[in-house]
Amino acid sequence: MTDNNDDKTLHVSGKKTLTLKPSGLQQGTVRQDMGRGRTKAVVVETRKRRHSGPDDKPAVVTPIVAKPAPQPVQPQPRIHQQEQPRRPEPQRRPEPSRTGNVLNELSAGEMEARRRALAEAAVRDAAEAKARAEEAVRREKAMAEEAARQAAEDAARKAEEASRPAVEPVAEVKAEPVVERVAPAAPAELVRRTDSAAPQARRPDGRPAAPAVLQPAAPGKPGVAVPGRGRGRDEEEESRSRGTPVRGKLPSRVEVAKPVRKVEDNRRAPTKVVVGGEDEDGTQRGRSLSAMRRRQEKFRRSQMQEVREKVLREVILPETISIQELSQRMSERSVDVIKFLMKEGQMMKAGDIIDADLAELIAVEFGHTVKRVSESDVEIGIFNRDDEEGEMLPRPPVVTIMGHVDHGKTSLLDAIRHANVVAGEAGGITQHIGAYQVEQNGSKITFIDTPGHAAFTAMRARGAQVTDIAILVVAADDSVMPQTIESINHAKAAGVPIIVAINKVDKPSANPQKVRTELLQHEVFVESMGGEVLDVEVSAKTGAGLDKLLEAIVLQAEILDLRANPNRTAEGSVVEAKLDRGRGSVATVLVQKGTLRPGQIIVAGDQWGRVRALVNDRGDHIKEAGPATPVEILGLQGTPQAGDRFAVAENEGRAREIAEYRQRLTREKAVARHAGQRGSLEQMMTQLTAAGVKEFPLVIKGDVQGSIEAIAGALDKISTGEVRARIVHSGAGAITESDISLAEASNAAIIGFNVRANPQARDAAERAGIEIRYYNIIYDLTDDVKAAMSGLLPPERRETFLGYATIREVFNITKVGKVAGCQVTEGKVERGVGVRLLRDNVVIHEGKLKTLKRFKDEVSEVQTGQECGMAFENYEDIRAGDVIECFRVEMITRTL
Ligand SMILES: Nc1nc2c(ncn2[C@@H]2O[C@H](COP(=O)(O)OP(=O)(O)OP(=O)(O)O)[C@@H](O)[C@H]2O)c(=O)[nH]1
């Protein structure tokens with residue numbers, strides 16, 4: 001079964017209701033003959049071909065100026081709505097159209113007559129339209145000239161104006177009142193459409209369903225014609241928000257064929273917005289307002305960039321750097337750097353890491369100067385920043401408590417804290433954060449709440465000199481014990497003043513005087529014995545003497561005149577650090593310089609982070625922590641170690657860089673430890689030499705005091721004015737953890753004479769990478785130490801004269817350069833040794849020989865009286881008559 005379009009079989013149904021269908025698609029019902037008297041109703045859709053001109057081309061968007069023939073704008077009030085759809089279709093087929101009620105009710109003759117009349121009218125209209133279009137072209141030209149003139153005045157808009165010269169006339173046409181009425185007839189031409197879009201814009205009655213809404217040109221902006229009802233709501237709102245009045249809109253009776261579809265089409269096809277100029281092929285290019293705005297914005301930005309004065313910087317370049325980081329350091333956009341690299345043939349991303357050479361090339365290309373730094377340089381300027389003397393203000397002292405086991409260190413710390421909390425803040429809950437602050441007569445004192453010299457030396461080993469004053473706790477009933485002596489040595493090694501707290505005086509067996517006397521033997525001279533060391537009798541149990549102890553601390557602090565600059569970025573040491581389940585990494589730090597505030601970025605050891613909160617020893621969140629304030633820091637990325645230094649970094653990048661560098665160092669150290677390097681005497685010797693130290697620090701442990709004294713005496717003998725052995729600590733008994741930490745802190749070697757290290761000490765030594773040397777013969781020990789100490793002496797340079805040769809003639813040999821024809825006048829001349837060129841007994845040059853030849857052969861030496869050819873390495877200024885002195889240099893290692 002096929003559709004039959006034959007007139008005989010087609011019966012137009014006049015009862016068809018008017019529906020909103022695309023104008024190009026017309027529907028009718030026909031009765032189809034099925035044979036043998038049977039018929040069937042068939043719905044027939046007729047798709048009309050639309051003609052926009054005599055050349056029978058489909059309707060296309062035609063710019064008013066460029067294509068004047070079928071004038072889109074028909075400002076003639078006499079043309080009625082019903083007639084308008086007919087106008088662009090003069091060559092429609094003669095078959096009766098089934099597009100509307102009116103035509104359906106006319107007879108065939110009437111319809112034919114009407115069609116003819118309409119065709120004539122269309123031809124007439126076309127002629128008039130052509131004339132009008134020509135007029136429009138003229139006007140447009142005039143406007144274009146005007147626009148060009150304005151564009152010259154306004155540089156930013158020049159490009160925009162030049163690109164759409166056809167715009168102004170549209171605006172002008174719109175300004176005419178007639179246009180508003182006639183506008184519905186025009187959209188097919190006004191609005192650029194795709195072929196498929198055109199029929200959709202028509203109602204079944206032939207009228208355009210979505211007439212153009214004409215927007216008058218805003219001052220300085222082109223006029224815009226957009227499809228009226230066919231536009232999406234967004235576009236309407238956009239027009240409103242722009243303040244562009246929507247004029248020329250059709251009354252509401254004009255309905256939209258497929259609004260939703262059209263909105264999508266509009267979005268996809270910017271061509272519906274006619275603002276642009278003309279392409280080469282005569283079609284009008286549209287450009288959305290937002291695109292224009294973007295262009296304007298881009299143009300404005302580029303103008304601004306050109307105007308902005310370029311700041312040339314000194315760019316710090318590490319061995320490797322990411323392109324992004326480099327761009328930041330140069331204050332350039334990374335996209336510009338990437339563009340430059342692309343030009344150089346390298347495709348890279350902002351995150352890519354480049355080496356310092358390439359980074360330097362880029363920086364220089366961008367006009368900056370560079371400063372190459374080595375890895376360790378990343379820390380420069382972060383730690384140990386000096387302060388001006390005038391900026392220093394008094395700060396509280398930081399106190400550590402040391403002493404022998406069970407002499408009452410913990411009890412004393414608790415007693416002091418308890419007394420203070422009760423006095424200062426009734427009911428206040430103190431928490432253990434590793435350090436706390438107390439107040440004595442208005443003066444603050446900071447206590448490091450980790451008793452024992454282990455913590456003390458662990459800190460020192462990491463370079464943290466935290467403590468200002470050491471409290472040496474000695475039980476009055478027990479007097480001086482081995483760890484008391486160790487503590488004294490630790491304090492002395494750190495150069496920290498001691499205050500002796502003679503504890504447990506409440507005990508009946510207490511004998512404070514004995515303590516004082518015994519301390520004398522260890523060079524601790526207390527005041528009551530005529531010395532300068534303050535001593536206080538206390539009882540941690542009863543609290544007696546605690547005030548006196550605090551006063552002694554304040555007094556000692558005054559003597560020390562402790563100062564720090566609070567008005568700078570903070571720097572200090574980590575006292576304790578742990579990983580808290582709820583709070584993440586928590587580190588108790590002691591601010592030593594400057595003031596620490598939440599939000600700052602810090603580097604602590606090989607960790608970094610942004611300070612999320614500062615919590616003091618009472619659990620309060622505080623806004624800042626000044627010098628000598630212990631405070632808990634939340635927000636670190638990892639957990640640093642006690643004794644690690646911390647400092648505020650200027651930005652996250654720098655902090656991360658330092659942390660990464662330190663983590664690398666830690667890894668390398670761990671590897672080195674496995675190789676057992678650091679602790680060897682030889683290694684230590686090299687380190688000390690590099691540091692320019694002429695002292696050889698030692699920790700000596702022996703079986704009996706007598707052997708230690710013998711060793712000390714022997715070592716004293718081998719010491720000279722240039723280098724000497726310094727015994728940091730010595731004592732009888734096994735080598736303990738404390739010895740290891742002291743050795744680590746003092747960079748000392750550990751010597752065990754007839755003693756061994758206990759397991760904990762062995763572990764600690766392995767961790768710290770310290771070698772322990774064991775001896776049982778004193779001479780072996782002194783020989784080793786002597787050899788190691790000899791290494792501290794600089795080697796001696798010894799020069800041996802070999803001979804003289806006189807230059808007889810100078811030959812200039814191609815590719816070889818100048819060669820001196822010489823005769824050895826004294827001694828001998830050797831190849832590969834040092835030579836000096838003497839002219840009139842003045843040394844002109846000192847260097848090495850490149851060649852030494854006899855006749856044509858290279859020889860190793862030439863004796864007196866013989867002739868030879870000689871050439872210098874990298875030196876050519878030789879003349880006949882010059883004398884060549886030949887000598888050998890030896891570096892002689894010195895021994896003690
Ligand atoms: N009678 C009396 N006993 C005290 C005093 N101070 C501390 N003690 C006691 O001495 C013992 C040891 O005290 P700790 O404070 O634990 O001593 P420590 O030095 O911290 O000990 P370690 O932590 O093991 O090094 C405890 O039983 C205390 O009760 C005091 O002033 N008088």
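Here are a few friendly notes on this predicted model, running from the whole chain to one helix pair and then to the ligand.

1. Starting with the overall picture, the chain is built from 24 helices and 35 strands. It has 896 residues, and 38% of them count as buried.

2. The contact pattern is worth a look as well. Taking contacts between residues at least 6 apart in sequence, 71% join residues at least 24 apart.

3. Next, please turn to helix H21 (residues 705-718) and helix H24 (residues 778-790), which pack at an angle of about 35°. Their axes lie 10 Å apart, and the crossing of H21 and H24 is right-handed.

4. Which residues make up this contact between H21 and H24? On the H21 side you will find Ala710, Ile711, Ala714, Leu715 and Ile718. On the H24 side they meet Ile778, Leu781, Thr782, Val785, Lys786 and Met789. By class, the contact of H21 with H24 holds nine nonpolar residues, one polar and one charged.

5. Now for the ligand, which has 16 residues around it. Gly408, Thr410, Ser411, Ala540 and Lys541 come nearest, so those are the ones to display if you open the site.

6. Where does the largest share of the ligand shell come from? Helix H14 (residues 409-424) supplies that share, with three residues.

7. Finally, the make-up of the shell around the ligand: seven residues are polar, six are charged and three are nonpolar.

Terms used. Residues numbered from 1 in each chain as written. Predicted model: local features only at pLDDT ≥ 70, side-chain atom pairs only at ≥ 80, totals over all residues. Axes fitted to C-alpha atoms, helices over the stretch in contact; angles between N-to-C directions. Helix = DSSP H or I, 4+ residues; strand = E, 2+ residues; numbered from the N terminus. Left-handed = near helix turned anticlockwise from the far one by under 90°. Contact = placed C-beta atoms within 7 Å. Nonpolar A, V, L, I, M, F, W, Y, C, P; charged D, E, K, R; others polar. Buried ≥ 20, exposed ≤ 12 C-beta atoms within 10 Å, placed from the backbone. Near = placed C-beta within 6 Å.
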